Amino acid sequence: MAELRVISLDEVAKHNNEGVEKSCWIIISGKVYDVTKFLNEHPGGEEVITQMAGKDATVGFLDVGHSKDAIEMTKEYLIGQLPESEISKTETTASKTAAPNGKGSSAFKDFTDIMTSPTWTNFLIPTAMGIVIYAIYKFIFN
Ligand code: HEM
């Protein structure tokens, strides 16, 4: 993947749905998203996002338990990432994800896992359950 543009917190803060031509940028998991055009399409409504315009929306985003599809959709709006040194200043990193290497930890794990895991693992659990159920069935009826 191409290097992401590095965007500072100060710059993100300008895009608070009022400044810089009413653009709306949010931060999720250290990444910067321009959701200006997505606002009126958001199934959860515009307001939940505009409240977080120019700010870190990771906690809100994760709390909702967005679907895998929703997480995939975020990629379309990705425009950059915070500088390493500023990731630790954001709300989420301060409270939940202060990993020593600054790369974030468990609070982001679900999000990061879904973004990076190969899809075959998604079949592993159902397949294993199928095998176990089949084995039990065989055991009982033979
Ligand atoms: C690029 C960013 C975002 C994308 C692509 C996105 C996408 C979606 C999608 C597809 C849904 C439908 C349900 C689902 O599939 O999970 C949804 C629902 C929702 N989203 Fe987002 N969302 C984003 C950011 C946010 C943020 C920052 C917040 C709050 C801080 C938020 C709050 C909600 C809420 C409250 C719902 C409704 C949940 C419900 O009705 O059960 N979303 N979003």
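How do the residues of the shell around the ligand divide into nonpolar, polar and charged, and what number falls in each class? In this predicted model, the shell comprises 11 nonpolar and six polar residues, with no charged residue among them. The ligand is surrounded by 17 residues in total, of which F38, H42, P43, H66 and S67 are the closest.

The iron atom of the ligand receives two protein donors, the NE2 atoms of H42 and H66, at 1.9 to 2.0 Å. These two histidines connect distant parts of the chain, being 24 residues apart: H42 belongs to the loop between β2 (31–34) and α3 (46–50), whereas H66 belongs to the loop between α4 (58–63) and α5 (68–74). Around the iron atom, six donor atoms subtend angles of 86 to 179°, and the arrangement is therefore octahedral. The accessibility of the two histidines was also computed: H42, with a relative accessible area of 14%, is buried because this value is under 20%, while H66, at 23%, counts as partly exposed.

Polar contacts to the ligand involve both of these histidines and a serine. A polar side-chain atom of H42 is placed 2.7 Å from a nitrogen atom of the ligand, and an N or O atom in the side chain of H66 lies 2.8 Å from a ligand nitrogen atom. For S67, a polar side-chain atom is found 2.5 Å from an oxygen atom of the ligand. With regard to secondary structure, α3, α4 and α5 are the elements that give two or more residues to the shell, and α5 provides the largest share, three residues.

Notes. Residues numbered from 1 in each chain as written. Predicted model: local features only at pLDDT ≥ 70, side-chain atom pairs only at ≥ 80, totals over all residues. Heavy atoms only, no water. Donors = N, O, S within 2.8 Å, 3.2 Å for Na, K, Ca; no water. Tetrahedral: all angles 85-135°; square planar, octahedral: opposite > 155°, others 65-115°. Helix = DSSP H or I, 4+ residues; strand = E, 2+ residues; numbered from the N terminus. Buried < 20%, exposed > 50% of the residue type's maximum accessible area, 1.4 Å probe, protein only. Near = heavy atom within 4 Å. Polar contact = N/O pair within 3.5 Å; in protein donor to acceptor, adjacent residues only side chain to side chain. Nonpolar A, V, L, I, M, F, W, Y, C, P; charged D, E, K, R; others polar.
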